[in-house]
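Open the model in your viewer and keep the selection tool ready. This tour goes stop by stop, saying what to select and what is there.

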Amino acid sequence: MDQSRVLLWVKAEPFIVGALQVPPPPKFSLHYLRKIANYVRTRATEGAFPRLYWSTWRHIACGKLQLAKDLAWLYFEIFDNLSLRTPEERLEWSEILSNCMTEDEVEKQRNQLSVDTLQFLLFLYIQQLNKISLRTSLIGEEWPSPRSRPQSPSLTERPSCHNKNWNDYCHQAFVCDHLSDLLELLLDPGQLNVSFHSTHSSVLSREAILALSFLIEGTVSRTRKVYPLHELALWQPLHADSGFSKISKTFSFYKLEAWLRACLTANPFGPSACLKSGKKLAWAQQVEGATRRAKIACNAHLAPQVHQMVVMSQVYKQTLAKSSDTLVGAHIRVHRCNESFIYLLSPLRSVTIEKCRNSTFVLGPVETALHLQDCEDLKVIAVCHRLSISSTTGCTFHVMTPSRPLILSGNQNVTFAPFHTHYPMLEDHMARTGLATVPNYWDNPMVVCRESDTGVFRLLPPCEFYVFIIPFEMEGDTTEIPGGLPSAYQKVLAQRERKIQIWQKTVKEAQLTKALETRGVVEEGAH
């Protein structure tokens, strides 16, 4: 088969959701990952290969890489969240954790979790996406950066800083630049020379190509069906190109690498394609007198369900509310939206909010990651699997989340508060994304970057707490905040309610005229 008929591309989701928006630990370098790759294969009977168990990864990460246990779990859990699990399985896991009474019980349950070892090695390697290199720093791409600034200037003064996690050209360039290293990580130790490099006779197993499908997929020209890499590489007409030998059941390292390089092209379902050829949506109308027109694009008409994206930009002084099939399971990027109220009330795959200010975001359940970057004075209300924030100032997060919120670098005046709203389909949407009400770690954030300290955030005092009402009618069964409120916050609401009832009773018993009653309400409000 002619090579030109096969198109391969780098998948977007591992980078959008899987690459943490922070420089990786120094010992995630290729040198150490090669050592880990060799180590796990020699410990196959000890829960290291072909499945890597949490207990073994904890031993490697904490004992050999000197990572803190919380950080070791963070990377393990992020990757595990990318795996194909049904919502029912995710809810069952939440129930198991919520029944644990001690940290030891939690650890015992975690010890039963395992991930695909080779895919996990690739996942650790792609954390280098956000590594700050001296070369790019010198040519001005990554320095100066808002992350390293002690003060937070206004959003309009900040330098442009592209988000690599949402840049599919960066994804493709990263894989092409490091393809040899990625393939060498997948080689059996016997296929490497003494310096951990491949030789001309090195061969890759079918399991290695299956692991590489974590990052690469493709299609055959003139068809819409998307295939994982291993299915294309093992397809009979492509054996000569992909280097597969039916006798040894292995791939020639150099033939496979050459075939991959020849076939890799731009992601037809990536963010760039969504902006270039995606369908333009008229969800937000231009405000009279506004100089910017809202730009909203989606690729739902072109992309399979698992690749759907919606990109929103420049929503200004508007209220935008949507519950739509276009949003269901989609990766959402919201960029440069100011002084607006944005309601996206559908089950979402991931959400990234960048360079927005003075706005309120109310989101449907986010199955994987909710990330904010370079934002000011936002209120964000969401149920999400994971929240991470970097370079934010004066933002408040009303969240329900089964993992600790991640405070990355450059944040100031962050407030965390309990999730405090509901809409009729909320519990149904939570069930569809596998998100439960417990465990809920909204009040236990994790400071990931050394430059930050616990002083960058606060928990909202109960006296400042009010519930949020979503002002739209929808069909559905949810009539209250799922899981209720923490007792301290519920107590404040009850006290306010009692004061209102006492005042109403007093007014009724006093038999005031309308004028005096109105005056009393005004004076009470003034106090």
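Which residue in E22 is the bridge partner of Thr-415? Keep that in mind for a moment. The model is a predicted one.

**Stop 1: strand E20**

Select residues 414–418, which form strand E20. Then add residues 457–459, strand E22. E20 and E22 pair in the parallel sense, over three bridges. Now pick Thr-415: its bridge partner in E22 is Arg-458.

Next, show strand E18, residues 396–400. E18 also pairs with E20 in the parallel sense, here over four bridges. Thr-415 appears again, as the bridge partner of Thr-396.

Is E20 covered on its faces or open? Both faces are covered. Val-414, Phe-416 and Pro-418 lie on one side, and they are buried. Thr-415 and Ala-417 lie on the other side, and they are buried too. In a regular strand, side chains alternate between the two faces of the sheet. In total, five of the five residues of E20 are buried.

**Stop 2: Gly-434**

Select Gly-434. This residue sits in the loop between helix H16 (426–433) and strand E21 (446–447). Its relative accessibility is 6%, so Gly-434 counts as buried.

Which residues does Gly-434 touch, leaving aside those up to four places away in sequence? They are Pro-87, Arg-90 and Leu-91. Select Arg-90 together with Gly-434. The two are 344 residues apart in sequence. In space, their C-alpha atoms are 5.1 Å apart.

**Stop 3: helices H3 and H4**

Move to helix H3, residues 54–64. Add helix H4, residues 69–82. Two packed helices are described by the angle between their axes and the distance between the axes. For H3 and H4, the angle is about 130° and the axes are 9 Å apart. The two helices are therefore oblique to each other. H3 passes H4 in a right-handed crossing.

Show the side chains where they meet. From H3, select Trp-54, Trp-57, Arg-58, Ala-61 and Cys-62. From H4, select Lys-69, Ala-72, Trp-73 and Phe-76. By class, this contact has seven nonpolar residues, no polar ones and two charged ones.

**Stop 4: helices H4 and H7**

Keep H4 on screen and add helix H7, residues 117–125. How do these axes cross? They come within 11 Å and cross at roughly 115°. That makes H4 roughly perpendicular to H7. H4 passes H7 in a right-handed crossing.

On the H4 side, the contact is made by Tyr-75, Phe-76, Ile-78 and Phe-79. On the H7 side, it is made by Gln-119, Phe-120, Phe-123 and Leu-124. The residues of this contact divide into seven nonpolar, one polar and no charged. Phe-76 of H4 meets H3, and Phe-76 also takes part in the contact with H7.

**Stop 5: the sheet E1-E5-E6**

Select strands E1, E5 and E6. They form an open sheet of three strands in the order E1-E5-E6, with antiparallel pairing. Strand E1 (6–10) and strand E6 (227–228) stand at the edges. Each has a single partner strand, so one side of each is left without a neighbour in the sheet.

Now look at strand E5, residues 216–220. Two bridges join E5 to E6, and these strands run antiparallel. Pick Glu-217 to see it opposite Pro-228 in E6.

**Stop 6: the sheet E4-E8-E7**

Select strands E4, E8 and E7. This is an open sheet of three strands, in the order E4-E8-E7, with antiparallel pairing. Its edge strands are E4 (203–205) and E7 (244–245), each pairing on one side only.

E8 covers residues 250–252. E7 and E8 pair in the antiparallel sense over two bridges. Pick Ser-245: it stands opposite Thr-250 in E8.

Add helix H14, residues 253–263. H14 lies across E4 and E8, running at about 70° to E8.

**Last stop: the whole chain**

Zoom out and show everything. The chain has 18 helices and 22 strands. How much of the chain counts as buried? Of its 527 residues, 53% do. Among contacts with a separation of 6 or more, 57% come from residues 24 or more positions apart.

Terms used: Residues numbered from 1 in each chain as written. Predicted model: local features only at pLDDT ≥ 70, side-chain atom pairs only at ≥ 80, totals over all residues. Heavy atoms only, no water. Axes fitted to C-alpha atoms, helices over the stretch in contact; angles between N-to-C directions. Parallel < 35°, antiparallel > 145°, perpendicular 65-115°, else oblique. Left-handed = near helix turned anticlockwise from the far one by under 90°. Contact = heavy atoms within 4.5 Å. Nonpolar A, V, L, I, M, F, W, Y, C, P; charged D, E, K, R; others polar. Pairing = 2+ DSSP bridges. Buried < 20%, exposed > 50% of the residue type's maximum accessible area, 1.4 Å probe, protein only.
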